[in-house]
Amino acid sequence: MEDYEKIKTIHDYIINNTKYDVQRNESNNSNYKSYKAYGPLMEGFATCNGYTDLMAIYLTKLGFDNYKIATTPEEISYSATGHIWNAVYF
């Protein structure tokens, strides 16, 4: 597999096997540890933090340099909580 295909396969697996934790996003309270890698990996629920943490673990294990890029609520108008993504160098 080419590097892009490896990264896309991991991404798709996480997305297709995880539900967004709406409850945590709306009330900052949840029965899941969705804000870290444990949530999507073991419980199947995540917020952007959980998705990003799990993706970072896989990327690092495969030897890809990666970084977590975050915004604050003040930087984006559509979110009261900010957002976080993975940046991958390949």
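**Exercise 1. Which residues does Asp-21 contact, leaving aside its neighbours within four places in sequence?**

Solution. Start with the contact list: setting aside neighbours within four places in sequence, Asp-21 is in contact with Ser-30, Tyr-32, Ser-34, Phe-45, Ala-46 and Thr-47, where contact means heavy atoms within 4.5 Å. A note before going on: this is a predicted model, in which local features need pLDDT of at least 70, side-chain atom pairs count only at pLDDT 80 or more, and totals for chains, interfaces and linings use all residues. Residues are numbered from 1 along each chain as its sequence is written, and side-chain values use heavy atoms, with hydrogens and water left out.

Next, place the residue: Asp-21 sits in the loop between strand E1 (19-20) and helix H2 (22-27). Helices (H or I, at least four residues) and strands (E, at least two) are DSSP runs, numbered from the N terminus.

Then look at the side chains: those of Asp-21 and Ser-30 are joined by a polar contact of 2.6 Å. Such a contact is a pair of N or O atoms within 3.5 Å; within protein, one must be able to donate a hydrogen and the other to accept it, and residues adjacent in sequence count only if both atoms are side-chain atoms.

**Exercise 2. Classify Asp-21, Asn-28, Leu-41 and Ala-87 by accessibility.**

Solution. First, fix the classes: buried means under 20% relative accessible area, exposed over 50%, and partly exposed in between (1.4 Å probe, protein chains only).

- Asp-21 has 3% relative accessibility, so Asp-21 counts as buried.
- Asn-28 has a relative accessible area of 65% and is therefore exposed.
- Leu-41, at 47%, is partly exposed.
- Ala-87, at 27%, is partly exposed.

**Exercise 3. Describe the surroundings of Leu-41 and Ala-87.**

Solution. Take Leu-41, which belongs to helix H3 (residues 38-43). Not counting residues up to four places away in sequence, Leu-41 touches Leu-54 and Tyr-58. The C-alpha atoms of Leu-41 and Ile-14 are separated by 8.0 Å, with their positions 27 residues apart along the chain.

Now turn to Ala-87, in strand E4. Leaving aside neighbours within four places in sequence, its contacts are Asp-65, Asn-66, Tyr-67 and Ile-69. From C-alpha to C-alpha, Ala-87 and Asp-65 are 8.5 Å apart, and in sequence they are 22 residues apart.

**Exercise 4. What is the phi of Asn-28?**

Solution. Begin with the location: Asn-28 lies in the loop between H2 and H3. Its phi is near 60 degrees, a positive value in a residue other than glycine. For background, most residues other than glycine have a negative phi.

**Exercise 5. How many helices and strands does the protein have, and does its overall size agree or disagree with a compact globule?**

Solution. Count the elements: there are four helices and four strands. Read along the sequence, they give the pattern α-β-α-α-β-α-β-β.

For size, a compact globule of 90 residues would have a radius of gyration near 12 Å, so the 13 Å of the protein agrees. The radius is taken over C-alpha atoms, and the globule rule is 2.2 Å times the number of residues to the power 0.38. Along the principal axes, the C-alpha atoms fill a box of roughly 40 × 30 × 15 Å.

Finally, of the 90 residues, 33% count as buried. Among contacts between residues at least 6 apart in sequence, 41% join residues at least 24 apart.
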